[in-house]
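Student: I have a chain to go through before my next calculation. Can we take it in short questions and answers?

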Amino acid sequence: MALAPKARPPAPPTLNEVFEAEQQLVGLILAEPAIYGRIAAILRDDDWTERLHRGVFEVAGRFVREGRPISPVSVLPRVSDVAPDGGPALRYLVALVAKAPPPALAEPLARLLSEAAQARTGPDHLDRDLYAWAYEQAQALRRGQFNALDALNLAEEIEDLGGEIYNKLESAFRIILMHLLKWDHQPERRSRSWTISIRVKRVDAELLLERFPSLKHRLPGAMRDAYRRARIEAAGETGLDDDVFPEECPYSFEAIMTRPVPWPPESGES
């Protein structure tokens with residue numbers, strides 16, 4: 001008696017299917033905030049693959065707990081200001097709201113993302129040799145063996161690489177801003193080391209912007225994120241209350257990069 005062929009396990013969702021599912025869920029969350037709980041019952045923050053999509057999900061959860069309204073405008077200051085296509089995040093999110101699917105699709109879409117996350121973060125993923133995996137993926141790309149690509153994890157690794165570059169710019173701004181805040185609020189403690197730190201980090205930022213011109217589109221977000229941390233660190237280093245420093249960044253990009261911070265102080269400076 002012939003044995004029946006062994007059933008093959010279903011193929012994991014493709015990269016495009018995952019990305020489109022994320023777009024639809026983000027549109028649903030922003031269009032129908034009450035639906036967030038149904039989605040959050042299935043998904044975790046780490047199940048999302050795209051930075052802006054994940055940010056919307058995380059911020060929406062915070063807003064739900066705080067009883068705050070959820071919309072593209074309300075979440076935008078707290079998420080990436082750049083869309084996956086490199087355009088403005090607000091325009092992208094508004095378009096997702098306009099194309100949001102029926103609420104009945106919330107659970108099926110969330111389950112698809114959950115299954116995809118389990119496939120890419122299962123035991124095989126956790127135990128992999130990253131160096132060998134990267135080499136295998138590079139070889140498959142060079143040979144045009146696209147079916148052999150671990151597309152979801154490859155996309156995440158590439159995005160992480162871009163994120164590291166952005167983080168370097170944000171870090172440079174953070175240190176500059178922290179020292180500018182200290183310079184302005186404790187003039188009696190100004191020092192040569194503050195001046196040197198500012199100058200060095202300005203060079204770092206200039207080199208990053210020269211090497212990666214597309215970072216210029218992300219300057220507002222980098223300055224905003226950097227200032228939030230710089231304000232906390234300046235309070236810690238000066239011993240002053242957080243409220244002493246403005247809630248919003250008081251410095252323009254030009255001031256961050258070019259404002260004079262001479263040492264020794266010029267005559268007339270305190």
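**Salt bridges, patches and distances**

Tutor: Begin with Arg224, which is partly exposed with a relative accessible area of 23%. Keep in mind that the model is predicted.

Student: Which residue forms a salt bridge with Arg224?
Tutor: The rule asks for a side-chain nitrogen of Lys or Arg within 4 Å of a carboxyl oxygen of Asp or Glu. For Arg224 the closest N and O atoms of the pair are 3.3 Å apart. The partner is Asp225.

Student: Is Asp225 buried or exposed?
Tutor: Buried means under 20% relative accessible area. Asp225 has 13% relative accessibility. Therefore Asp225 counts as buried.

Student: How many salt bridges does the count come to?
Tutor: Side chains of opposite charge can pair when their charged atoms come close. Arg224 with Asp225 meets the salt-bridge rule. By this rule the count comes to 9.

Student: How far apart are the closest N and O atoms of Glu170 and Arg229?
Tutor: Glu170 and Arg229 form a salt bridge. The cut-off for such a pair is 4 Å. Their closest N and O atoms are apart by 2.4 Å.

Student: Which helices hold Glu170 and Arg229, and how many residues apart are they in sequence?
Tutor: Glu170 lies in helix H9, residues 151–185. Arg229 lies in helix H11, residues 219–238. So the pair ties together parts of H9 and H11 whose separation in sequence is 59 residues.

Student: Which relative accessible area does Glu170 have, and which does Arg229 have?
Tutor: The label buried needs a value under 20%, and partly exposed lies between that and 50%. Glu170 is buried, at 10%. Arg229 counts as partly exposed, at 44%.

Student: Where do Asp204 and Lys201 lie, and what separates them?
Tutor: Their side chains meet in a salt bridge of 3.3 Å, N to O. Both residues belong to helix H10, residues 192–211. They are 3 residues apart there, so the separation is about one helical turn.

Student: Are Asp204 and Lys201 buried or exposed?
Tutor: Asp204 has 30% relative accessibility. Lys201 has a relative accessible area of 22%. Asp204 counts as partly exposed, and Lys201 is likewise partly exposed.

Student: Where is Trp194, and is Trp194 buried or exposed?
Tutor: Trp194 is found in helix H10. Its relative accessible area is 8%. The cut-off for buried is under 20%, so Trp194 is buried.

Student: What separates the C-alpha atoms of Trp194 and Ile176?
Tutor: Along the chain, Trp194 and Ile176 are 18 residues apart. In space, their C-alpha atoms are separated by 8.9 Å.

Student: Which residues gather in the patch of positive charge?
Tutor: This patch is on the surface. One of its members, Arg78, sits in the loop between helix H4 (72–75) and helix H5 (89–98). Arg78 is partly exposed, at 36%. The patch gathers Arg62, Arg65, Arg78 and Arg228.

Student: Which residues form the negative surface patch?
Tutor: Glu248 is one of them. Glu248 lies in the loop between H11 and helix H12 (253–258) and counts as exposed at 61% relative accessibility. The patch is Asp241, Asp242, Asp243, Glu247 and Glu248.

Student: What area does the nonpolar surface patch have?
Tutor: Val73, Leu90 and Val94 make this patch. Val94 is placed in helix H5 and is partly exposed, at 44%. The patch area is about 250 Å².

Student: What separates Ser214 and Gly86 in space?
Tutor: Ser214 is in the loop between H10 and H11, and is exposed with a relative accessible area of 53%. In sequence, Ser214 and Gly86 are 128 residues apart. C-alpha to C-alpha, the separation is 8.7 Å.

Student: What separates the C-alpha atoms of Val97 and Pro260?
Tutor: Val97 is found in helix H5 and counts as partly exposed at 25%. Val97 and Pro260 are 163 residues apart along the chain. Their C-alpha atoms are separated by 45 Å.

Student: Which residues does UniProt list for the domain, and what is the helix content there?
Tutor: The unreviewed entry names "domain: DNA helicase DnaB-like N-terminal" for residues 16–114. The end C-alpha atoms of that stretch are 15 Å apart. Strand content is 0%, and helix content is 61%.

Terms used: Residues numbered from 1 in each chain as written. Predicted model: local features only at pLDDT ≥ 70, side-chain atom pairs only at ≥ 80, totals over all residues. Heavy atoms only, no water. Patch = residues over 30% accessible without salt bridge, like charges linked within 9 Å, V, L, I, M, F, W, Y side chains within 5 Å. Areas by Shrake-Rupley, 256 points an atom, 1.4 Å probe, with all protein chains shown as cover. Lys, Arg positive; Asp, Glu negative; His and termini not counted. Charge placed at Lys NZ, Arg CZ, Asp CG, Glu CD. Helix = DSSP H or I, 4+ residues; strand = E, 2+ residues; numbered from the N terminus. Buried < 20%, exposed > 50% of the residue type's maximum accessible area, 1.4 Å probe, protein only. UniProt positions renumbered as here; feature names shortened; annotations may be inferred.
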